[in-house]
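Here is a briefing on a protein–DNA model. Start with the sequence and structure, then read the points below.

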Number of protein chains: 2
Amino acid sequence: MSNTARTIMLVDDHAVVREGYRSMLQKQPGLRVVAEASGGAEAYRLYKETGPDLVIMDLSMPGIGGIEAIRRLRQWDKHAKILVFTMHQNAAFAVQAIRAGASGYVTKTSPPETLVHAVMDALSGKIAISPDIDHELALSHLAGETAAADLLTAREFEVLRMLLAEKTTDEIAEVLHLSPKTVANLHSLIKDKLGVGTDIELVRLALRQGILTQIDLGER
Amino acid sequence: MSNTARTIMLVDDHAVVREGYRSMLQKQPGLRVVAEASGGAEAYRLYKETGPDLVIMDLSMPGIGGIEAIRRLRQWDKHAKILVFTMHQNAAFAVQAIRAGASGYVTKTSPPETLVHAVMDALSGKIAISPDIDHELALSHLAGETAAADLLTAREFEVLRMLLAEKTTDEIAEVLHLSPKTVANLHSLIKDKLGVGTDIELVRLALRQGILTQIDLGER
DNA sequence: ATCATCGTCGTGAAATTTTCCCGGCACCGG
DNA sequence: CCGGTGCCGGGAAAATTTCACGACGATGAT
């Protein structure tokens with residue numbers, strides 16, 4: 001178990017970050033980086049090719065995002081070990097990632113030791129969550145900010161996503177084959193359920209909870 | 001001029017990214033990393049202490065953000081050379097950074113050579129903009145999406161920021177000593193000027209243009 | 001000096017939206 | 001069967017958004 005190195009694949013769209021991982025990890029004996037991918041699709045391909053012991057994965061990537069990539073990797077290999085390493089210090093993301101099958105969630109603001117620790121934990125089968133996210137989770141629990149997805153019914157959530165994406169009430173009514181009146185009613189109900197007064201707060205909540213990502217904004 | 005190495009300070013709140021920079025730059029002869037900071041305040045302090053030839057700076061950092069940090073550094077040293085290296089592939093940010101006094105703007109998605117190139121350019125006094133941002137700038141120019149800041153009057157912009165940050169119309173009226181009616185009028189006028197129909201589009205536009213940052217969202 | 005322009009602030013009134021309350025349907029578990 | 005819940009929309013009051021308009025001061029050109 002100890003005479004052969006554990007193999008690792010890095011997935012991050014920023015070359016400089018991969019370089020950083022590589023540099024940090026190669027100081028650690030017994031670890032070897034065998035593949036690098038800059039996106040979800042490439043990660044999938046390279047995983048099948050190289051079958052690494054552990055994947056270190058960023059979340060925000062163009063194309064196939066991190067969460068989706070995790071899902072696909074785990075679908076291909078039920079026992080894939082995937083450690084999420086991301087800038088999003090956000091409990092909602094962490095929950096999504098773990099649900100998708102991640103073995104750990106560490107934020108990029110963590111000190112290097114934390115990453116190394118998490119890598120070791122993940123390799124030995126433990127689930128590693130960085131302390132700040134633990135704290136976030138506890139906080140959001142205490143603050144009672146239940147995930148929007150849990151609070152809303154499927155239909156309501158659908159409308160919420162369209163509100164955030166589409167334009168007007170009428171357009172949504174069109175697409176969903178509803179009366180504009182119903183959409184307006186749902187819109188109102190959603191804000192009520194989520195405890196926000198204005199649409200602006202609604203968007204901010206959605207961003208906090210990862211329902212809407214900055215990448216979805218048509219920014220790129 | 002060539003027998004002594006050019007000194008560089010790295011500013012990024014992610015240790016792994018600093019490690020990446022360091023690893024990439026030390027392959028380059030004639031460059032030496034002499035300081036690392038994880039935030040704007042620390043950067044300011046260390047700059048005064050070490051006086052590096054070049055600063056490589058991230059934009060999104062807790063506390064004093066990158067743009068503000070650039071402003072302060074340039075205030076202290078009019079000739080400070082600061083190269084922005086960020087994940088934000090966003091023309092609006094680039095414009096802000098350059099206006100604040102940055103000597104260049106490179107996105108983290110760029111290949112390593114681009115960073116090295118930009119470092120050299122910046123050191124020799126040139127302004128380096130990575131190709132994707134050039135493209136963005138051209139695009140946003142063509143698309144006619146003028147920066148909101150240029151389109152709005154000072155008062156309107158003020159109200160816009162408060163709309164994005166504060167809560168209700170009445171609260172803003174309170175703070176600004178205006179009639180709630182006036183705020184509502186401004187709100188309407190702003191949406192008109194920016195060509196958006198709903199508040200949700202307004203927030204999205206603000207995010208695209210960097211008026212509102214994800215970090216401002218109260219996520220942290 | 002005067003005029004035109006623009007930003008700012010406000011009013012009033014119409015148009016629209018939001019919100020609240022309601023009823024009808026369908027589905028599910030006891 | 002009955003109560004609870006999600007889903008869909010109507011009606012009407014309440015709130016808001018929007019539009020037209022006037023007043024005022026600062027600016028700037030003639």
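Ala, Val, Leu, Ile, Met, Phe, Trp, Tyr, Cys and Pro count as nonpolar, Asp, Glu, Lys and Arg as charged, and the others, Gly among them, as polar. On that scale, the surface near DNA strand C has 2 nonpolar, 6 polar and 4 charged residues. The model is predicted.

**Surface near DNA strand C**
- Chain A contributes A:K181, A:N185, A:S188 and A:K191 to the surroundings of DNA strand C.
- From chain B, the residues around the strand include B:T153, B:A154, B:R155, B:L178 and B:S179. B:K181, B:T182 and B:N185 are also among them.
- Sugar or phosphate accounts for 65% of the atoms of DNA strand C within 4 Å of the protein. Bases supply the rest.

**Polar contacts**
- A:N185 places a polar side-chain atom 2.9 Å from a base nitrogen of DNA strand C.
- A:S188 has a polar side-chain atom 3.2 Å from a phosphate oxygen of the strand.
- In B:T182, a side-chain N or O atom is 2.8 Å from a phosphate oxygen of DNA strand C.

**Elements involved**
- Two or more residues each come from α10 (180-194) of chain A, and from α8 (154-165) and α10 (180-194) of chain B.
- α10(A) gives the most, with 4 residues.

**Symmetry of the two chains**
- Chain A superposes on chain B after a rotation of 180 degrees, with 0.0 Å of shift along the axis and an RMSD of 0.3 Å.
- The two copies are therefore related as by a two-fold rotation axis.
- A:G20 has the C-alpha nearest the axis in chain A, 1.7 Å from it.
- Both copies use the same surface: 100% of the contact residues of chain A recur in chain B.

How values were computed
Residues numbered from 1 in each chain as written. Chains lettered and ligands numbered in written order. Predicted model: local features only at pLDDT ≥ 70, side-chain atom pairs only at ≥ 80, totals over all residues. Heavy atoms only, no water. Near = heavy atom within 4 Å. Polar contact = N/O pair within 3.5 Å; in protein donor to acceptor, adjacent residues only side chain to side chain. Least-squares fit on C-alpha atoms with pLDDT ≥ 70 in both. Contact = heavy atoms within 4.5 Å.
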